[in-house]
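Colleague: Please go through one part of this model closely for me, the contact between chains. I work at the bench, so spell out the cut-offs as you use them.

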There are 2 protein chains.
Amino acid sequence: MSQRLITVAGAQLGPIQKAEGRDIAVGRMVRLMERAHRHGAQVVVFPELALTTFFPRWYEEDIANADHWYETALPSNETAPLFEAARKYSIAFHLGYAEKTPDGRRFNTAVFVHPSGEIVLKYRKIHLPGHKDYDPVRQVQHLEKRYFEVGDLGFPVVRAPVGGQDVNIGMLICNDRRWPETWRVLGLQQVELVMLGYNTPSINQDRRGFEAHHLRVLHSHLSIQSGCYQNACFGVGVAKGGVEDGHELFGHSIICNPQGEIMAQATSWDDELIVADCDLDMCNLGRTTIFNFAAHRRPEAYGRIVEQVGSSEPPVWQPRGARR
Amino acid sequence: MSQRLITVAGAQLGPIQKAEGRDIAVGRMVRLMERAHRHGAQVVVFPELALTTFFPRWYEEDIANADHWYETALPSNETAPLFEAARKYSIAFHLGYAEKTPDGRRFNTAVFVHPSGEIVLKYRKIHLPGHKDYDPVRQVQHLEKRYFEVGDLGFPVVRAPVGGQDVNIGMLICNDRRWPETWRVLGLQQVELVMLGYNTPSINQDRRGFEAHHLRVLHSHLSIQSGCYQNACFGVGVAKGGVEDGHELFGHSIICNPQGEIMAQATSWDDELIVADCDLDMCNLGRTTIFNFAAHRRPEAYGRIVEQVGSSEPPVWQPRGARR
């Protein structure tokens with residue numbers, strides 16, 4: 001049986017408090033990279049906005065007051081230890097962070113970094129949840145639409161070396177994982193490994209309706225498992241979990257195979273490493289049979305997906321006698 | 001708390017042998033409608049190709065020799081008892097069948113029938129799995145691409161009376177459920193209730209790769225649960241299960257809510273009724289918050305979904321030193 005193996009680690013982080021500096025987070029991340037090395041991992045996936053607390057819960061009238069949450073260079077003095085550990089252990093890594101560009105644009109960004117320190121692929125989050133202005137109904141603010149622009153890089157996939165293999169890699173960030181369009185755009189580029197980080201509250205804080213708390217993890221897993229199954233790829237979904245300044249985020253990071261099965265799962269809401277040997281040849285079955293896109297997809301019936309943003313009301317059926 | 005309740009039944013069928021006539025199937029279906037009435041159901045969902053065995057497993061060189069599997073009129077003498085039971089019990093029903101049109105076109109079709117007997121909505125299956133010609137590699141043939149044309153009605157949704165409510169109804173058939181595009185096209189029309197029937201082998205018979213048998217039900221449920229969650233609708237997935245002339249189909253019909261939760265599940269592979277009270281107002285939470293399409297979707301990033309049918313290879317990344 002053919003096998004094209006890579007050893008993948010998800011490095012879940014516990015909470016980062018608002019007052020904690022990047023040095024504390026980076027120190028924890030380096031220890032997780034050491035642990036990943038001990039497990040023979042060739043790539044480590046860190047969460048979304050991994051260097052700081054999940055700051056979009058904090059409202060700032062003047063966005064410039066939030067500038068200290070963003071990175072303006074990578075590596076920086078504070079993030080250099082991650083790049084050093086990657087080189088030392090010959091391990092690639094995926095990192096989520098808040099990016100501020102030289103011309104002042106702000107994005108929720110992830111990069112995939114080669115052990116050499118070179119950035120192989122960058123993705124900027126497209127599906128920003130939440131809202132732009134202060135929302136008095138909500139229990140906790142979720143200001144991603146305030147703090148970030150919609151990503152402008154599309155959903156890129158590249159074929160890049162990971163461990164000893166060439167792997168088609170792609171990325172999503174947090175809320176992106178709930179949107180099947182994102183997985184499909186990656187799948188149409190033959191993605192084999194989707195890396196994604198998230199910071200997801202353990203309760204729905206919108207307060208516009210009831211959602212049982214235990215469903216939050218189900219929804220995350222359902223989205224990742226179906227995305228992997230329907231696009232015949234591996235997925236690594238990695239949380240920042242635990243209680244940040246009183247605000248609870250769930251953990252339950254997973255590594256998922258192209259059959260939609262969970263191969264490894266974090267069970268704490270703290271720093272925790274999960275590892276799995278992923279045989280990339282497992283992507284072939286779906287891709288050549290039930291999900292052979294060329295044989296079975298019918299884009300002529302999918303027009304609404306790109307032709308409209310919001311939903312539209314369906315026509316009303318009238319019984320025969322009522323029609324004029 | 002607002003409630004807009006309808007009582008929905010899924011009427012799973014056990015196997016129908018190749019030699020059995022429609023009278024046997026229809027008799028069983030009428031008994032399931034009686035049972036649904038006793039449970040207070042206002043709509044009953046029957047499986048795909050509910051009137052006969054799953055005939056696309058049988059190869060015919062001359063397709064005319066398969067004509068006896070198709071309906072040319074609905075109701076016919078043989079299907080009239082279903083329409084009579086619907087009127088008697090004031091119960092709507094969803095029926096899958098093979099359709100041959102007056103001009104000789106063949107479709108894998110489903111209809112939603114008002115208790116009056118009037119056909120409210122018709123759908124013709126778009127994602128035909130399998131193959132067109134005899135495949136010597138396969139253990140069992142799956143000739144849907146031989147016996148049916150691709151459906152030509154799109155994915156229609158209408159607002160129609162079900163029980164005492166006006167409900168946005170839509171339909172999928174079997175393999176359609178695995179394609180997130182189908183759910184999304186329905187979701188973009190504010191579908192509240194998706195009805196779908198299936199005939200799905202309990203083992204992957206393609207023999208081009210290994211798939212553990214127990215994953216077959218997982219894949220079906222994963223597709224329905226994520227489709228319901230990501231489009232904030234109810235779904236009723238109903239099997240024809242059991243052993244048809246030596247060929248095993250799984251059961252495990254489900255009714256699923258807009259949170260992706262399974263509300264009712266068949267546990268036999270035989271005739272079995274499942275029932276759930278569906279509060280259509282549960283569709284509102286997703287639709288107005290996390291899956292508020294107008295606020296969060298980004299069609300400008302989804303172009304590939306309609307611009308290409310098959311997948312394309314990604315570019316190869318080259319380390320800086322290797323670039324010219």
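Modeller: What follows deals with the contact, then with the chain behind it and a few backbone details.

This is a predicted model, in which local features need pLDDT of at least 70 and side-chain atom pairs count only at pLDDT 80 or more, while totals for chains, interfaces and linings use all residues. Residues are numbered from 1 along each chain as its sequence is written, chains are lettered from A and ligands numbered from 1 in the order in which they are written, and side-chain values use heavy atoms, with hydrogens and water left out.

Chain A brings 80 residues to the contact and chain B brings 79 residues, where contact means heavy atoms within 4.5 Å. Between them the chains bury about 7200 Å², and 63% of this lies on carbon and sulfur atoms. In chain A, the residues that lose the most area to chain B are Glu118(A), Trp179(A) and Trp317(A), which together make up 11% of what that side buries. Buried area here is the accessible area (1.4 Å probe) that two parts lose on being put together, summed over both.

Six salt bridges are counted between chain A and chain B; the rule asks for a side-chain nitrogen of Lys or Arg within 4 Å of a carboxyl oxygen of Asp or Glu. Over all chains, the count by this rule is 44. Glu118(A) pairs with Arg320(B) in a salt bridge at 3.8 Å, N to O. This pair crosses between chains: Arg320(B) lies in the segment after helix 8 (304-307) of chain B, and Glu118(A) in the loop between strand 4 (106-113) and strand 5 of chain A. Arg184(A) and Glu181(B) form a salt bridge too, at 2.6 Å, N to O.

Polar contacts link 37 residue pairs between the chains, both residues at pLDDT 80 or more. Such a contact is a pair of N or O atoms within 3.5 Å; within protein, one must be able to donate a hydrogen and the other to accept it, and residues adjacent in sequence count only if both atoms are side-chain atoms.

Among the elements of chain A that give two or more residues to the side touching chain B are strand 5 (119-124), helix 4 (180-187) and helix 5 (215-231). Helix 5 of chain A gives the largest share, nine residues. Helices (H or I, at least four residues) and strands (E, at least two) are DSSP runs, numbered from the N terminus. By residue type, the side of chain A that touches chain B has 37 nonpolar, 26 polar and 17 charged residues; Ala, Val, Leu, Ile, Met, Phe, Trp, Tyr, Cys and Pro count as nonpolar, Asp, Glu, Lys and Arg as charged, and the others, Gly among them, as polar.

Chain A superposes on chain B by a rotation of 180° with 0.0 Å of shift along the axis, at RMSD 0.0 Å. The two copies are therefore related as by a two-fold rotation axis. Both copies use the same surface, since 99% of the contact residues of chain A recur in chain B. The superposition is by least squares on the C-alpha atoms of residues with pLDDT of at least 70 in both copies.

Behind this surface, chain A has eight helices and 14 strands, and its C-alpha trace spans about 75 × 60 × 40 Å along its principal axes.

Some backbone details remain. The peptide bond from Leu74(A) to Pro75(A) is cis, with omega near -5°, and Pro75(A) sits in the loop between strand 2 (43-45) and helix 2 (80-89) of chain A. In chain B, a cis peptide bond joins Leu74(B) and Pro75(B), with omega about 0°. Cys174(A), in the loop between strand 7 (165-173) and helix 4 of chain A, has a positive phi, near 45°.
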